[in-house]
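Q: I have a model open and would like to go through it. Could we begin with a loop and then move to the overall picture?
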Amino acid sequence: MDLRLSVLDLSPVGSGYGSREALRNTLDLARLADRLGYERYWLAEHHNLPSVASSAPEVMIGHVAHETARIRVGAGGIMLPNHAPLKVVETFRVLEALHPDRIDLGIGRAPGTDPVTATALRRSSGADGAEDFPERFAELLAFGGDGFPEDHPFAAVRAMPDDVKLPPIWLLGSSGYSARAAGKMGLGYAFAAHFSPADPAPPMLAYRESFEPSEEFERPSAILAVSVVCAESEERAAELASSMQLAWVRMRSGRPGPLPTPEEALAHEYTPAERRLAEAYRSMQIIGTPERVRERMEEVAERTRADELMVTTMVYDHTARLRSYELLAEVFGLAGAPAGGRERT
């Protein structure tokens, strides 16, 4: 099966290390993904989460692109309710100017945080911003493309640098709305299966069915983001995955914190309600040995007709996270993966 693999990174913060180390770990993983042959490296945008240091993807994109040679680097994504469309276009034109033909722009409808933090980000109260997304996104396209009609208030405003194209745009989502909108506008589409319990197949297929070719995308480009933990044994993979399961329970219970160690997670005594939350999250993860993980990844890719799987691996130990991506590269035969595998030094 011809399937491209990419990386979605949230810069996980563990209970024994802080954000500085987490962000340095991101650069380390990006260099590895570049060498191994992953297609692209996207940085997420989340706010007010102690387990995630990825609050400014536009900053990290520049650093990751500088540290790598060929991998595409982008936002997965920029949460448009939190940003002025003009500023998004200017930021990504600068990134494109510095790293030509290597930048991606993923756009999301949600704020990527809780309502109070969203208000703090936007300095406004009320809804989460999703209801005015079409207007905001239309502004972004106008600033990045042919401009506004002559009678529009922003007709005289140009997004600088105006001699640099806007990078390719993907709409992110976990519903049919973004899928159909991306298809009709000839954009890329990415479904967030790594945290959404919804069946990804209907939106992914709706995107493909509604797709109309554009200058940037001659054919559909459907990305499925999946949560993966890969290790040499099933037992080790399950142990590593337990950290995020407990972190998910705490977050959903209103008690977010850094990623716990596997030892802490395995020793935790779950209440029945917590156990249900943990099992619900476990159902969204792909966990196991390389062969088992590849089998499950190919199954979901075939069922959703995904062109690309974007892997996020949220585990406590950075070395284990690197090894998970190495094992995936080896079992899928990526161009930079060593034949027959190797031991890490």
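Q: Where is D101 placed?
A: This is a predicted model. In it, D101 sits in the loop between α3 and β4.

Q: What is phi of D101 near?
A: Phi of D101 is near 60°, which is a positive value in a residue other than glycine.

Q: And is D101 buried, partly exposed or exposed?
A: D101 is partly exposed, as its relative accessible area is 48%. The class of partly exposed lies between the limits of 20% and 50%.

Q: What about S11: where does that residue lie, and what is its phi near?
A: S11 belongs to the loop between β1 (4–9) and α1. Its phi is near 50°, again a positive value in a residue other than glycine.

Q: Why does S11 count as buried?
A: S11 has a relative accessible area of 1%, and buried means under 20%.

Q: Turning to the peptide bonds, which residues does a cis bond join?
A: One cis bond joins G76 and G77, with omega about 5°. Another runs from M160 to P161, with omega near 0°. G77 is part of strand β3 (residues 72–79), whereas P161 is in the loop between α5 and β5.

Q: How many residues does α5 have, and how far does it reach?
A: Helix α5 covers residues 133–144, which is 12 residues. From first C-alpha to last it reaches 16 Å, close to the 16 Å expected at 1.5 Å a residue.

Q: Which of its residues are buried, and what do they pack against?
A: The buried residues of α5 are F133, R136, F137, E139, L140, A142, F143 and G144. They pack against α3 (85–98), β4 (103–108), α4 (115–122), β5 (169–173) and α6 (176–185).

Q: Next, L32: which helix holds it, and what does it touch?
A: L32 is in helix α1 (residues 19–36). Leaving aside residues up to four places away in sequence, L32 touches L322 and E326. L32 and L322 are 290 residues apart along the chain, yet their C-alpha atoms are separated by 7.7 Å. At 4% relative accessibility, L32 counts as buried.

Q: Now the whole chain: how many helices and strands are there, and what share of residues is buried?
A: The protein chain has 12 helices and nine strands. Of its 345 residues, 56% count as buried.

Q: What is the radius of gyration, and what would a compact globule have?
A: The protein chain has 20 Å, which agrees with the value near 20 Å for a compact globule of 345 residues. Its C-alpha atoms fill a box of roughly 65 × 45 × 40 Å along the principal axes.

Note on methods: Residues are numbered from 1 along each chain as its sequence is written. This is a predicted model: local features need pLDDT of at least 70, side-chain atom pairs count only at pLDDT 80 or more; totals for chains, interfaces and linings use all residues. Side-chain values use heavy atoms; hydrogens and water are left out. Helices (H or I, at least four residues) and strands (E, at least two) are DSSP runs, numbered from the N terminus. The radius of gyration is taken over C-alpha atoms; the globule rule is 2.2 Å times the number of residues to the power 0.38. Buried means under 20% relative accessible area, exposed over 50%, partly exposed in between (1.4 Å probe, protein chains only). The expected span of a helix is 1.5 Å times one less than its number of residues. Contact means heavy atoms within 4.5 Å.
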